[in-house]
Amino acid sequence: MVKIYKMAAESKERKSLSKNLLKMKFMQRTEEAKLRQQLEDEEKREIDEAHWVLDNVEGAREDMIEYETSYVVCEDLVPTGRMSFKKFNPAVEKLFKELTAQKELAECEVREMEDTVSDEQMAERYDSLIDTVDKKFGGKRKRHNNEVTLDFDRARPFKKHKAQFKKPKED
Amino acid sequence: MADHSYDFHFVNEVVLPGDIVAEKVKTKQIVVKKIKLKLGPGLRMDKDNIIAYKCGVLREKDSTMFWIDNDQKRYIPVKNDKVVGIVTNRGGESYQVDIGSSMASALPFLAFEGATKKNKPQLKIGDLVYGRLSVANKDMEAELVCTDTNGKANGMGPLKDGFLFTHSLGLTRKLLNPDGAVLKVLGKVFSFESTVGLNGRTWVNSNSSDHTILIVNAIEQSEYMTLSQIKQNVHRLAEGMRE
């Protein structure tokens, strides 16, 4: 029993890193990022809690209506106002390209979602296909299982064994 | 399932505050796919009607999004808008930043990329910052941050040197439109950098003050010009510079 406790304590220690390691600069950065993320989440929650909504009034009537307060979304404006021309500030130029590319990518994805089948349609289709697909997979699995059982005897010796001294046969 | 829809009139026409822009209409056919209607700035629900509360032109996109395209000078903070602000005061935990709205906004010291308690950017009164509004409420002080939602600066932060000028919000949206012409045309002639805030403030920086003045003039004059007029105007100004 005592031994078990000892082992448990050891494994616990192994999980958390040493103090000196945590003090190193690159470790601190992740620590800080974690802390910041935590603080951000907390802040977000606080803000959300502070915003009271009359759900019984708005929810009943405006089920179909959503408000969009930003002109950026309505008029498809560029995502950032920082622009540079003729290599005045190459960093800004690069950033602008990246951000617009990101926005276009997001738009493309939305368009694609509209064009392709929806999740529900997909589910319906798969529902009708269940038997066929099941057969296919079942067959494969059976085959796979057979292989395993056939190979079982041969596979056994490959099981992890500690290297041990083999006594030579006495002849 | 929706058994009603909204019938919009006045699309691409001028509307005034109080105008009923759409009425609720009962539809006989059952619509399986629920399409959410999006109301942009200038429109709101009033009982079963959608009314305008700004004057301007009613615009539509994909027949699901409606808004009023208007031109005004007063900026009303909107969440996630990127704006150019002027530092007006320094508090214990945040800077006070004027963004041109009815109330100043707060910019926390730690709302910059990589800022820590020990290492935070030092801003002086009168400095310019380009930031994003993280909190924008009708009845509360707005809050400004210089990072995006992932904590990256992405071009936001203090703006050094350059020249700031104010203009209408209509011109701002023209400048930020992907098809906007002025900056592109100017960019072919001059080497410069600009930051357009959605609050009607634009910051311009270039190699010389002559160029900066010219660019600012060209932008200001472009507000009511067509594309060909803009091109002509920019080339005329550039010619004058060379002489």
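1. How many residues do chain A and chain B each bring to the contact? Chain A supplies 29 residues and chain B supplies 37 residues. Note that this is a predicted model.

2. On the side of chain A that touches chain B, the elements giving two or more residues are helix 3 (25-50), strand 1 (65-67), helix 5 (71-74), strand 2 (82-85) and helix 6 (90-115) of chain A. Strand 2 of chain A gives the most, with four residues. Sorted by class, the side of chain A that touches chain B has 14 nonpolar, six polar and nine charged residues.

3. A pairing of strands also joins the two chains. Strand 1 of chain A pairs with strand 4 (residues 37-39) of chain B in the parallel sense, over three bridges. Within strand 4 of chain B, L39(B) is the bridge partner of Y67(A).

4. Helix 1 (residues 169-176) of chain B is largely enclosed by the rest of the structure, because six of its eight residues are buried. The buried residues are L171(B), T172(B), R173(B), K174(B), L175(B) and L176(B).

5. What do the buried residues of helix 1 of chain B pack against? They pack against helix 5 of chain A, together with helix 2 (182-189), strand 16 (192-197) and strand 17 (201-206) of chain B.

6. One annotation comes from a record: UniProt lists residues 162-209 of chain B as "domain: K Homology", in an unreviewed entry. In the model, residues 162-209 of chain B are 35% helix and 33% strand. The end C-alpha atoms of this stretch are 9 Å apart.

Methods. Residues are numbered from 1 along each chain as its sequence is written. Chains are lettered from A and ligands numbered from 1 in the order in which they are written. This is a predicted model: local features need pLDDT of at least 70, side-chain atom pairs count only at pLDDT 80 or more; totals for chains, interfaces and linings use all residues. Two residues are in contact if their C-beta atoms, placed from the backbone, lie within 7 Å. Ala, Val, Leu, Ile, Met, Phe, Trp, Tyr, Cys and Pro count as nonpolar, Asp, Glu, Lys and Arg as charged, and the others, Gly among them, as polar. Two strands pair if DSSP finds at least two bridges between them. A residue is buried if 20 or more other C-beta atoms lie within 10 Å of its own, exposed if 12 or fewer, and partly exposed in between; C-beta atoms are placed from the backbone. UniProt positions are given in the numbering used here, feature names are shortened, and annotations may be inferred rather than shown by experiment.
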